[in-house]
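Colleague: Before I plan any work around the charged side chains, I would like a close look at one helix and its surroundings. Please begin with that helix and then place it within the rest of the model.

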Amino acid sequence: MMESRIESKNEKPWSKETARPSLRQTQHKFSRMMNDDNPDTFRNVSQKPGLQIWTINNMQMVPVPAQGFGNFFEGDCYIVLYISQNKGSGQSADIHYWIGNSSSQDEQGAAAIYVTQLDEHLGGSPVQHREVQGNESARFRSYFKNGLIYKKGGVASGFHHVDTNVYNVLRLLHVKGRKHVTAAEVDVSWNSFNNGDIFLLDMGKAIVQWNGPQSNRREKLKAVLLAQDIRDRERGGRAQIGLVEGSDEKDSPELMKVMMAVLGQRTGQLREAIPDDTPDQVQNTSVRLYHVFENSGNLVVQEVATQPLTQDLLHSSDCYIVDQRGSSVMVWKGKQASKEERQEALNRAVGYIKAKNYPSSTSVKVMTEGGESAMFKHLFKSWRDKGQTQGLGSTYSMGKIANVEQVKFDVMELHARPELAAQQRMVDDASGDVKVWRIENLEVAEVNPNTYGQFYGGDCYLVLYTYKMSNQQQYILYMWQGRHATKDEITACAYQAVNIDNKYNGAPVQVRVVMGKEPRHFLAIFKGKLIIFEGGTGRPGVVNPEQGARLFQVRGTNELNTKATEVLARASSLNTNDVFLLKTDHICYLWYGKGCSGDERVMGRAMSDVLSKQDKQVVMEGQEPAEFWVALGGKAPYASDKRLQKEEPPHSPRLFECSNQIGRFRMTEVDDYAQCDLDEEDVMLLDTWEEIFLWVGHLANQYETKEAWTSAQEYLRSHPAGRDPDTPILVVKQGYEPPTFTGWFNAWDPHKWSGGNSYEEMKKKLSDPTSLSQITVDLNNSNLNSSPSGVSGGGYRAPGGPTSSPPVYQFHTGDLSPRPSTPTSPPTQRAQSSGFSPSSPGGGTMSPSAGGSGMYLDPELLINKSPSELPQGVDPTLREDYLSDVDFENLLGTTRADFKRLPKWRQSDLKKKALLF
């Protein structure tokens with residue numbers, strides 16, 4: 001293949017000396033950092049599953065405490081390490097380096113160097129990601145479920161670890177996003193507001209959420225969760241939250257007084273809504289693979305192939321770039337590539353982006369052979385991991401040496417193990433009830449049960465399968481479309497499916513089945529008697545034209561996976577690995593290929609009894625009588641290779657949100673997804689490679705449902721790996737999820753939507769009079785509106801972050817006049833000076849939170865105290881109930897919910913260790 005240098009595309013060659021001066025200078029300036037003999041830098045890097053974050057301070061990696069996770073200063077660079085525990089025994093790691101919009105070239109260079117070193121320290125297996133503020137990847141955002149907060153300033157103004165009980169805060173956060181939430185600090189002024197977004201006025205002891213009139217329910221819920229996260233993580237649970245609906249401000253007079261006191265009187269109309277950014281999931285069909293290397297100081301780009309890509313194009317001794325037309329750039333490092341090449345991979349990717357004139361925010365991922373991400377594998381037509389076994393069964397590995405054990409599929413485990421049901425695509429053992437209709441004259445006609453399992457290519461059928469799970473009726477409605485059915489019949493099939501769906505109140509899971517692409521469960525429900533005729537019709541009274549000899553290929557080893565498919569009655573249709581039935585006017589031949597198993601022969605014999613009542617004659621391959629070849633039109637070559645079982649590629653599932661809530665339909669990927677990411681207002685697309693699920697939320701509108709179906713087909717058609725457009729698409733309604741769907745989720749909770757907190761429920765909790773009284777301000781003593789309107793929220797110091805220069809104020813719940821903060825005060829003194837006391841606003845005693853939204857106590861008031869030393873009203877035997885969720889987990893090492901499930905002796909033991917007993 002011809003080499004094409006970048007300059008051949010009218011672009012300047014990327015020179016080592018000219019295109020990367022800043023990074024080269026950084027590497028020279030901090031060459032000591034590159035010294036492999038300096039292991040101290042990563043001595044404290046934990047290799048346990050979880051999240052670790054560092055910021056670059058004076059060119060050194062400084063850890064960020066957990067309270068500061070999610071806060072990112074715009075003038076800084078961060079390194080984020082996430083280690084996850086894979087199913088089985090292994091671990092996988094992702095290293096992200098985050099670039100703030102105002103960070104210096106030196107900091108960016110230092111971060112890139114540390115990422116390369118950290119990657120080597122962890123064995124070279126992590127996937128490296130380059131993240132740019134405002135354009136973070138879905139995976140990065142998935143670590144911060146409640147959202148990202150962009151803060152003004154950086155380490156240049158000083159670096160402090162700040163106690164979580166400091167309330168010297170005055171800032172305004174502009175919240176955007178429904179699935180991936182970001183909150184940026186803006187000027188504390190009405191000029192920052194608009195009608196479409198949500199704003200959090202954070203005053204330390206009080207957080208007021210103002211919802212733009214055009215914001216939707218999902219955005220409001222996400223903003224509440226962010227406000228609660230700030231309260232619990234940064235304030236130790238000791239802050240009150242109030243909600244104001246921008247469309248009905250008069251309903252919240254007290255909170256509006258607070259806002260006016262801080263922001264001044266509002267003059268003029270607020271700005272119109274700012275449209276959200278472009279969707280981050282626009283599937284790019286243009287995928288190119290390049291071999292990238294340096295020659296005499298220039299970057300040489302050699303195009304290797306375009307999509308669909310295959311794994312054999314990647315050689316272990318080289319490094320490659322996969323380019324999705326600028327939407328994403330991925331670098332693959334071969335295990336046998338030189339150390340210099342591996343270390344230069346990230347730099348080359350950045351240089352490639354510059355040379356191609358792609359935006360600086362272009363997503364960059366670097367991965368090593370054997371540690372490829374699911375997204376990378378999805379770009380290849382087929383992918384096989386090293387050590388993967390062929391055929392059916394699972395491979396279990398222990399440690400680094402795989403102990404391969406083929407596990408036989410057991411249908412009895414399906415309900416107990418939904419993950420197995422999902423992998424095998426079987427909801428049950430197919431012992432439920434079956435009812436079949438055929439589309440006749442665009443209406444449904446019941447099919448004679450004696451002919452169940454016989455499907456004709458000229459017809460369309462509806463198959464309703466009923467089974468029980470947890471003593472509740474469940475339904476699957478299959479829509480089988482014959483290859484030769486008319487368009488009207490296919491349309492009528494879909495229409496009649498809706499009618500049946502409505503009859504069962506929307507409970508059935510709808511599955512479109514294209515002829516020849518029948519899913520495994522569909523085969524199972526016909527108990528080894530599924531026969532697919534190429535053409536004709538099964539309608540009673542209609543005589544199909546006589547076709548002479550007919551040939552059927554039988555595949556399967558038991559009643560759950562067998563079907564017979566009619567093929568062209570020619571010798572060339574035979575295959576040495578299978579059983580074939582040749583039906584003539586007088587006899588039915590059972591032809592056994594040399595590669596077929598005993599089980600396949602048994603199923604072939606059973607199928608022949610269903611197909612024909614004529615005499616049967618067994619014919620072994622190589623011993624065929626002359627009449628056999630005459631019936632097939634003469635002897636001819638046919639497939640006689642050794643058995644090669646089709647291998648199912650181990651592609652990880654991917655979840656997408658399908659929504660038109662911002663006025664146009666779009667698909668957004670949800671990385672590291674969980675059940676809580678299924679949005680009741682939307683349609684979600686789950687791609688498991690062998691099947692596509694469309695999950696329809698209770699509150700999804702008809703437009704989204706219709707567009708999602710179209711988009712699922714377009715998603716398959718345009719997939720860069722050249723996906724089969726006839727991949728089954730299943731429609732699942734919220735509350736009626738089968739185990740083949742729930743098994744792709746970790747710890748699925750069938751009762752989640754019956755007891756979850758909706759936005760309205762959370763609003764009701766936060767709007768009770770007690771909470772509101774905490775936020776009320778004595779306006780007569782207030783002097784808040786005298787502060788300049790341009791004061792930025794940068795005066796707040798998040799844990800692990802800097803303090804910026806503007807003056808900061810401390811606000812009291814009863815009196816919000818500004819007073820100088822005293823961050824050096826001892827915690828107890830600070831709590832008292834900030835107006836906090838264990839007594840409730842009404843003068844009563846403190847009541848335990850019990851995990852609710854009540855007030856919390858400073859742990860120092862509870863730890864190692866005798867009953868007489870405890871604040872008034874605290875139950876000495878239930879001290880843990882007065883802790884915020886964050887303090888609870890830090891002290892007791894477990895969540896409140898998990899703690900409640902422990903036996904009493906174990907609870908007491910944990911409380912003693914935490915000095916809460």
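Modeller: E254 and K257 both belong to helix α5 (residues 253-263), where three residues, about one turn of the helix, separate them; helices (H or I, at least four residues) and strands (E, at least two) are DSSP runs, numbered from the N terminus. This is a predicted model, in which local features need pLDDT of at least 70 and side-chain atom pairs count only at pLDDT 80 or more, while totals for chains, interfaces and linings use all residues. Residues are numbered from 1 along each chain as its sequence is written, and side-chain values use heavy atoms, with hydrogens and water left out.

The two residues of α5 form a salt bridge, with the closest N and O atoms of E254 and K257 4.0 Å apart; the term requires a side-chain nitrogen of Lys or Arg within 4 Å of a carboxyl oxygen of Asp or Glu. E254 is partly exposed at 37% relative accessibility, and K257 is partly exposed too, at 42%, on a scale where buried means under 20% relative accessible area, exposed over 50% and partly exposed in between (1.4 Å probe, protein chains only).

As for its surroundings, α5 lies across β11, β12 and β13 and runs at about 95 degrees to β13; axes are lines fitted to C-alpha atoms, for helices over the stretch in contact (heavy atoms within 4.5 Å), and angles run from 0 to 180 degrees between N-to-C directions. Those strands belong to an open sheet of seven with mixed pairing, in the order β4-β8-β10-β9-β11-β12-β13, two strands being paired if DSSP finds at least two bridges between them. Its edges are β4 (71-73) and β13 (240-245), each of which pairs on one side only, and from one strand to the next the twist averages 25 degrees. Within the sheet, β8 (residues 148-151) and β10 (residues 182-186) pair in the parallel sense over three bridges, and Y150 stands opposite A184 in β10. Helix α4 (residues 217-234) also packs on this sheet, touching β11 (198-202) and β12 (206-211) among other strands, and its direction makes about 20 degrees with that of β11.

The pair in α5 can be set beside other salt bridges, of which a search of the whole structure finds 26. E518 and K563 form one of them, with the closest N and O atoms 2.7 Å apart. This pair links distant parts of the chain, 45 residues apart, since E518 is in the loop between β24 (509-514) and α10 (520-524) and K563 is in strand β27 (residues 563-567). Both partners count as buried, E518 at 8% relative accessibility and K563 at 15%. Another salt bridge joins the side chains of E566 and R550, at 2.9 Å from N to O. E566 is in β27 and R550 in strand β26 (residues 550-555), so this pair ties together parts that are 16 residues apart in sequence; E566 is buried at 9% relative accessibility. Finally, salt bridges link K151, R171, E185 and D202 in a network.
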